[in-house]
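Please open the structure in a viewer and keep a selection tool at hand. The tour below proceeds stop by stop, with a selection at each.

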Amino acid sequence: MFYDLSTHKKTQITTDGSAAHPAIYEDRIVYYDWRNGSCDIYMYNISTSTETRVTTNGSAQDPAIYGDRIVWVDGRDGNSDIYVYDLSTHKEIQITNSESSKEFPAIYENKIVWEDSFNGSSNIYMCNISGDEPEIKTPVANFSSNVTEGHAPLSVKFTDLSENATAWNWNFGDGNNSTKRNPVHTYSVAGKYTVRLAVNNNENGTDIKTSEIKVQTTPRETPCGFNLLILGIIALYLFRKST
């Protein structure tokens, strides 16, 4: 609920009975809510009477707001880290990345403060953020190949088209692997092979893409001498038929 001092009116914001830890800046109220079995950050705009869900991974709490920025504690990766979301750019930034426990973040202008148990003791930490902080760059796996099918032995050149990747792990589906970015692999036995590329950038997770390569049995070649013999027989037949 919020109370307007000028009108002496009390307004109920949520109705599901699972919201907590509100914070307010001008006409925006932020809070975390356990609705639907997950804990996420929500924002309520007083002037428009609309609610917006800020996070979706179900592990966010302790929000604070200043201007267009919302800061909170998030345990999405197993650690409690500080994140900030800019409402004007729709960009999320991860502020911390450690196993220590963080609590009670607060924000003012470009400064974020929080309580951190780093090194085994509880202390206050601060960081400065600017308006051009980069977006968290999650890896996206993608690749192409010069051929997708052919006769054995089939040499295939793979070209990495992934985004935000710093490491590559190829599984060619025939028991062979490679960590090169753009490998070349030869299939010597006919069959259908599922190629799997896993990419990561160490900080923001892993992504995987698969594709299929079809290798056919090498066609048998007719001996050159046999072809000449057939041509000779045909020529002799035509000659005798004409005489």
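**Stop 1: a salt-bridge network**

Begin by selecting E51, which is partly exposed at a relative accessible area of 35%; buried denotes under 20% relative accessible area, exposed over 50%, and partly exposed the range in between (1.4 Å probe, protein chains only). The model is a predicted one, in which local features need pLDDT of at least 70 and side-chain atom pairs count only at pLDDT 80 or more, whereas totals for chains, interfaces and linings use all residues. Residues are numbered from 1 along each chain as its sequence is written, and side-chain values use heavy atoms, with hydrogens and water left out.

Add R35 to the selection: R35 and E51 form a salt bridge whose closest N and O atoms are 2.9 Å apart. A salt bridge here is a side-chain nitrogen of Lys or Arg within 4 Å of a carboxyl oxygen of Asp or Glu. R35 lies in the loop between strand 4 and strand 5 and E51 in strand 6 (residues 50-53), so this pair ties together parts 16 residues apart in sequence. Helices (H or I, at least four residues) and strands (E, at least two) are DSSP runs, numbered from the N terminus. R35 is buried, with a relative accessible area of 18%.

Next, select D16, which forms a salt bridge with R35, the closest N and O atoms being 3.3 Å apart. D16 sits in the loop between strand 2 (9-11) and strand 3 (19-25), 19 residues apart from R35. D16 is partly exposed, at 35% relative accessible area. With D33 added, the selection shows a network of salt bridges that links D16, D33, R35 and E51.

**Stop 2: a buried charged pair**

Which residue meets D81 in a salt bridge? Select K102: the two side chains meet at 3.0 Å, N to O. D81 lies in strand 9 (residues 81-86) and K102 in strand 11 (residues 102-108), so the pair ties together parts 21 residues apart in sequence. D81 is buried, with a relative accessible area of 2%, and K102 is buried, also with 2%. A search of the whole structure finds ten salt bridges.

**Stop 3: the nonpolar cores**

Select F158, W170, Y187, V195, I213 and V215, which touch the most other members of the 17-residue largest nonpolar core. Such a core is a set of buried Ala, Val, Leu, Ile, Met, Phe, Trp, Tyr and Cys residues joined through side-chain atoms within 4.5 Å. Strand 16 (154-160), strand 17 (167-171), strand 20 (191-200) and strand 21 (206-216) each give two or more residues to this core. Strand 20 supplies the largest share, four residues.

Centre the view on F158, whose contacts (heavy atoms within 4.5 Å) beyond four places in sequence include F143, W170, P183, H185 and I213. Then move to M43, I70, Y85 and L87, which are among the 14 residues of a second, separate core.

**Stop 4: the helix and the cysteines**

Select helix 1 (residues 224-242), where I234 lies. I234 is partly exposed, with a relative accessible area of 43%.

Finally, select C39, buried at 2% relative accessibility, and C127, buried at 16%. The count of disulfides (cysteine sulfur atoms within 2.5 Å) is zero.

**Stop 5: the whole chain**

Return to the full view, where the chain shows one helix and 21 strands. Buried residues make up 32% of its 243 residues.
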